Amino acid sequence: MHGLTSRIALGLWLIALLLAALTLTLRGELVTDLQGFAPDPISEGGVPLDPGAGPAGRILLLAIEGGDARARANASDALVAALEDQTDVAGIHNGRLNPDDPALDFLLEHRYLLSPRVNAEHFEEARLAEHLEARRDDLSSSVPELPRELIPRDPTAEIPAVLEQLAAGGGRATTGPQGIWIDPDRERALLVLRGGADGMDLDAQATLIERTQATFAELDTPDLHLRIAGPAVMAVESRATIRGEVTWITAGASLALAALLLAVFRHPHPVWLAAVPLASGILVAAATVTLVFGHLHGIALAFGITVLGIALDYPLHLFAHAQRPRSASIPDIARELWPAIALGAGSTVLVYALMAMTGFSGMAQLGLFVLTGVAVAALVTRWILPTLFPARLRNEGLPPLRLPLPSGLAHPPVWARWGMAGLTLAAVVVIVTTEPFPWEDRLSALHPVPDDQVALDQELREALGLPDVRHALLITGETPEQVLQASEALEISLAALQTAGTLGDYDHAADVLPSQARQKERQVALPTPDTLRERLGAASTGLGFRDGAFDPFVADIENARQQSLLTPEALPEGPLRNALEPLLQAREDGTGWIAWVRLQGVHDPDALAQWADDISTGNDTALQYIDFFRASEELVIGFRNEALERLALGILAVALLLLAVTGAPGRSLRILTAVGTGLLLTVATLVLMGVQLSLFHLIALLLITGLCLDYAVFFSRPLREAAARLRNLRSVSVCALSTLVVFGLLSLSSLPVLQAMGLTVVLGVVFSFFAAALLAPETGQQAAA
Amino acid sequence: MIALLVPADATAGDTLDRILAGLATDRDATLAFEERRDDPMLEFPETRSGSLSFEPPDTLIRQVDGPRGEKVHIEGDTLTLERRGSSREIDLSEQPALATLAGLFRALLTDDRETLEGDFEIDLSGDADAWTLELVPRDRALRRMVPELTLSGTDGELRELVTIESGGHQSRMRFEPSQYAD
C-alpha cells in the first residue's frame, strides 16, 4: 500500500515535470525589458505617458570626447557618413546641414506657408524697401546677414525665419567653428541618431548601439571615444545589468548554500536532495506563469527564484529531523512534519495569492510564481523526497548536525521576552512618529540605471537643447487639422501665462507645421506677381540693383500662391519631420490624433492645471495638463496602497486559516504575534537606517511574512520531549541560516530593487527568528526543569 | 629637366613652405587694398578701398571705406561688426565664409601649413618668386558658398585675392605692399 502510494506520487511528479518542461520548451518566452514589469502611466484619455516610448524613445544621443576639436569634427562627419544609409537608422545628424538634402529644398519651396512672419503687411512697399536696403548691404559686406546666394530668391529672409522656428523646437545645440554641434564647454562633438526600430524593441536597439560603437571603432581614432545616451541605452543597459546580476547572484547563492548545507549536515546527499523540491517548484511555477500570462518576465523569475528560498526550508526541516539516532523512518518523519509544513506553506500561498491578483503585471507574475512554487515544493517534500533518499541514508539517518547553538536559544531567559516586547513597542513608536513616512514614490528609483548614465543623458539633452519632457499639454482630437488648430488657439493665452511668469517657454507642433487654415491665411496674404513687381520697383529705387534681379523671388511667391497645402503625411524625411514627429502623432489605436505642447520653466503647476481645466478648446478636441513625474508617482502610490491593503488582508486571512486549522487560539495568537513583531522591527530598523521604502521593500515584507509564519509554526509545535524540541530548534535555525546566506548575497546587488529585498529580508529573518523563538510555548522549559 | 624628376609633391611642398615662411610675421601687419566686386545682382561693379590688419596671435581687422563701409574685428571666435556708427557682436560660427577667410589669413601669416591644408585643397603654380594658390574649401557646405579662392603673390608679399562665390558674386582684392607698424 505504502509503496503503491509513493509510486503513484512519483509518477504524478514526473508527469508534472515533463508537462512543465514541455510548456517551457514550446511556449516559453522570457521577457527582460523593464517596461513589462514596471507599469506605464496613462492619461485619463488612455494616451500612454511613458516618455521613453514613441518617437522620443528612438533617439540616441552621441558624444565624441577626447582629441582636439578638428579630430572630433572629422570623426563626427565620418560617423554620419557611415551610418546615415544603414537600414535601421532613420536619421543621424551632427548639426551640419547637408546642402544637398532634399528636405532643405522642401523647406525653401514651402517657406511662405511655414514662415510665422508672413501676412499682408509683410509685403507692403515700405517693408520691402527695408529688406532691399539690408540686402544691398549684404552684397557689399563681408558679414552678410543673409547668405548672398539666397538674395535673389528670398530678399525678405524667410528661410532663416523658418529654420530658426524649426531649431527652436528641435533643439538649440551650439554649432562649433567646424560647423558641427558641440557642447557648451567645447569638449565634445554631439550627434543625434534616430533609430528605425521602436524604442522598446530592445534587441534592435542593442544591435543599433553595438553597431554604432563598432562603426566608431572602425574609424580608428584611439584618442577619441564615443559615449551614447538615451532612453534605449538605459533600457538596454538595465537589461544587461539584470541579466548579469541574476547570473552571479544565482551562482553565488547556490554555491554558498551548498557549502552551508555540506558543513551543517556533514553529508553530500542533503545538498542535492534539498534542490529537488526547489527545482520542481521553479520548473512548475515558470510553466504556470507562462501559461497564464503568455510569457515570463525576467525580473519575476529572478525574484521568484529568490523568494522560493522559503521552499528550501521544507526539505531542511526534514533533514534536520532525520539525524542519527533517528526517531522514526524518513517517510514517517515527513508525515509527522507535514501539518507544520502544510500550515506554513498554506499561509504563504494565501499571502501570495492576494499578490497574484493585482493589476501590476510584474507583481502578479511574482505572486503566482511564488505560490505555485511553494505549493509544489511542499508537496514534493512530503511525498517525493522521502522516496528519493538513498537506501543506506534512509535506514541509518543523517549524521548529527554540526550546528553549535547558544543554549539560551532553547531556554530563552525571561528578560529576553520583556526586551523583545520593549523593542517592539519602540518600533511602533518609531513607525508612528516618523513624519512623513519615508516612502519612495519615484518609479525611476527602482530602475537599475547607473547614475552616471542618467547624468550623461541629462547633460547631452541639455547641450543639444532637447526639451525636458516633464510638463506638457496634451491635445486630443480626431484629425491632425483639429489638434493643430486647437494648439494654435492656445497661443494667445500661453503668451499671457508667459507674461504672468507662470510659464517660461513652450514648443508646439503648429510652430513646425501650421494648420491648413493658417497656411491658407498666409497664402492669401501673398501679393500677385504684378503688384509685387510694382512694389519691388518702387522699393529698390537708388539701390543699384539690376532690372529683374529679383525675378526668382517673384516666381517663388507666385508658386507659393498656387501650392497645395501641407499635411503631416506630405513632409519628407528630414528636419521638418524630425521636429514634428515628437509633437504630433496619430494615436496607436487609430482613434485620432494627439498634439503635445511642451512646457518649459513651469513655476506653478497647479495654476497651469487649473488653467487647462478652465480653457475650452472646442471643436471636438480635449486639452489636459500632464506632469509626467506626478503621473508616475501617483501610479506608484496607487500600487503601494494596493500592496499594503493586500498585506493587511493577507495577515487577516492567515489568522483565520491558523485558527481554523489548529483549532488553538493560543497557538494562533503566538504565531501572529511573532509575525507582527518581526514585521514591525524590520520596518522600524529600515526607517532608522534612513532607507526610502519602495514597492519592493513591500514585496520583501510579504516574503518575511511567509518566512516568519514558517518559523513561528515550527517553534509553536506542542512538543513534549526535550530532544524533539532541540531538533525542532536546530531545524528552524538551519532554515534561517540558509535564508540569511541567500539574501545576504542579494543585499550586495547593485540593482536597487534586489538590494532592497536582500537587506529587508536579512533584517526580517533575524527579527522573525528571535521573535518566533521567544514566543515559543514555555511548557518545554518547565518539563526540562 | 632635373625639376621634372623630383616628385611633384615634394617640389610643391618646398615651394609652399618657402611661400609661407616668406609671409609669416610675428609683428602687427597692415595691408592696404582695393576691392572690386562684380555682382550679377548689381547694375555696375563696385570699387572700394580698405585695409587688412593682423595682430598676432589671432586678431584680424578688415576695414572698408566709403558709403557702405564697415569694420570687421575678429578675435578668436568673436566677431565685432561696426557699421554706420553702431557695433554688434556676432558668433563667428554663424559666418562660415568669413571664418574660413579669417582662418586662411591667420594660417598664412603664422606659417601654419597644417591648418591651411586641413581647410583647403591647394593647387600651387609658379615658384616662390611669383606664385598662385588655388584654394578649394574642403568643407562641403562652405564649398557651395565659396567654390574657389585664388591667392597670388611675389616673394614674401600678397598681391591679389580673388574670391568666387556661388551665384556669380565675385570679389577681387589687390593688396599694396605691407607696412609694418613699429
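This note goes through a predicted model of two chains, A and B, point by point.

1. **Chain A overall.** Chain A runs to 785 residues, and 46% of them count as buried. It holds 32 helices and 13 strands. Take its contacts with a separation of 6 or more: residues 24 or more positions apart account for 82% of them.

2. **Chain B overall.** Chain B has 182 residues, of which 25% count as buried. Its secondary structure comes to 5 helices and 12 strands. Among its contacts with a separation of 6 or more, 37% link residues 24 or more positions apart.

3. **Where the chains meet.** On the chain A side, 23 residues are in contact with chain B; on the chain B side, 31 residues are in contact with chain A. Which helix of chain A gives the most to this side? Helix H5 (residues 125-140) does, with 3 residues. By class, the chain A side is made of 10 nonpolar, 7 polar and 6 charged residues.

4. **The largest nonpolar core.** This core has 135 residues. The members that touch the most others are Val374(A), Tyr711(A), Ala712(A) and Ala772(A). Helix H29 (residues 695-715) of chain A supplies the largest share, 17 residues. Follow Tyr711(A) outward, setting aside residues up to four places away in sequence. Its contacts are then Val732(A), Ala736(A), Ser768(A), Phe769(A) and Ala772(A). Ala772(A) is thus both a contact of Tyr711(A) and one of the residues touching the most other core members.

5. **A second core.** Separate from the first is a core of 56 residues. Its members include Leu128(A), Leu132(A), Ala486(A) and Leu580(A).

6. **H8 against H30.** Helices H8(A) and H30(A) (residues 722-746) pack with their axes 9 Å apart, at an angle of about 155 degrees. Angles over 145 degrees count as roughly antiparallel, so this pair is roughly antiparallel. The crossing of H8(A) and H30(A) is right-handed. H8(A) brings Ile249(A), Gly252(A), Ala253(A), Ala256(A), Leu257(A), Leu260(A) and Val264(A) to the contact. H30(A) answers with Val734(A), Leu737(A), Ser738(A), Val741(A), Val742(A), Leu745(A) and Leu746(A). Sorted by class, the contact has 12 nonpolar residues, 2 polar and no charged.

7. **H11 against H12.** Helix H11 (residues 309-320) and helix H12 (residues 330-356) of chain A pack at about 165 degrees, axes 10 Å apart. How are H11(A) and H12(A) oriented, roughly parallel or roughly antiparallel? They are roughly antiparallel, because an angle over 145 degrees counts that way. They cross in a right-handed sense. From H11(A), the contact uses Ile310(A), Tyr314(A), His317(A) and Leu318(A). From H12(A), it uses Ile333(A), Ala334(A), Leu337(A), Ile341(A) and Thr348(A). The class count is 7 nonpolar, 2 polar and no charged.

8. **The H8-H9 loop.** The loop between helix H8 (231-265) and helix H9 (269-293) of chain A contains His267(A). Arg266(A) sits in this loop too. Is His267(A) buried or partly exposed? It has 15 C-beta neighbours inside 10 Å, so it counts as partly exposed; being buried would take 20 or more. Arg266(A) is also partly exposed, with 14 other C-beta atoms within 10 Å. Outside its neighbours within four places in sequence, His267(A) is in contact with Leu398(A) and Pro399(A). Leu393(A) is 126 residues from His267(A) in sequence, yet their C-alpha atoms are 9.8 Å apart.

9. **Backbone points to check by eye.** Most residues other than glycine have a negative phi, and most peptide bonds are trans. Arg266(A) has a positive phi, near 55 degrees. Arg186(A), again not a glycine, has a positive phi of about 65 degrees. Arg186(A) lies in the loop between strand S5 (181-182) and strand S6 (188-195) of chain A. With 13 C-beta neighbours inside 10 Å, Arg186(A) counts as partly exposed. Which residues are joined by a cis peptide bond? Glu435(A) and Pro436(A) are, with omega about -5 degrees. Pro436(A) falls in the loop between helix H17 (414-433) and helix H18 (451-463) of chain A.

Notes: Residues numbered from 1 in each chain as written. Chains lettered and ligands numbered in written order. Predicted model: local features only at pLDDT ≥ 70, side-chain atom pairs only at ≥ 80, totals over all residues. Core = buried A, V, L, I, M, F, W, Y, C linked by C-beta atoms within 7 Å. Buried ≥ 20, exposed ≤ 12 C-beta atoms within 10 Å, placed from the backbone. Helix = DSSP H or I, 4+ residues; strand = E, 2+ residues; numbered from the N terminus. Contact = placed C-beta atoms within 7 Å. Nonpolar A, V, L, I, M, F, W, Y, C, P; charged D, E, K, R; others polar. Axes fitted to C-alpha atoms, helices over the stretch in contact; angles between N-to-C directions. Parallel < 35°, antiparallel > 145°, perpendicular 65-115°, else oblique. Left-handed = near helix turned anticlockwise from the far one by under 90°.
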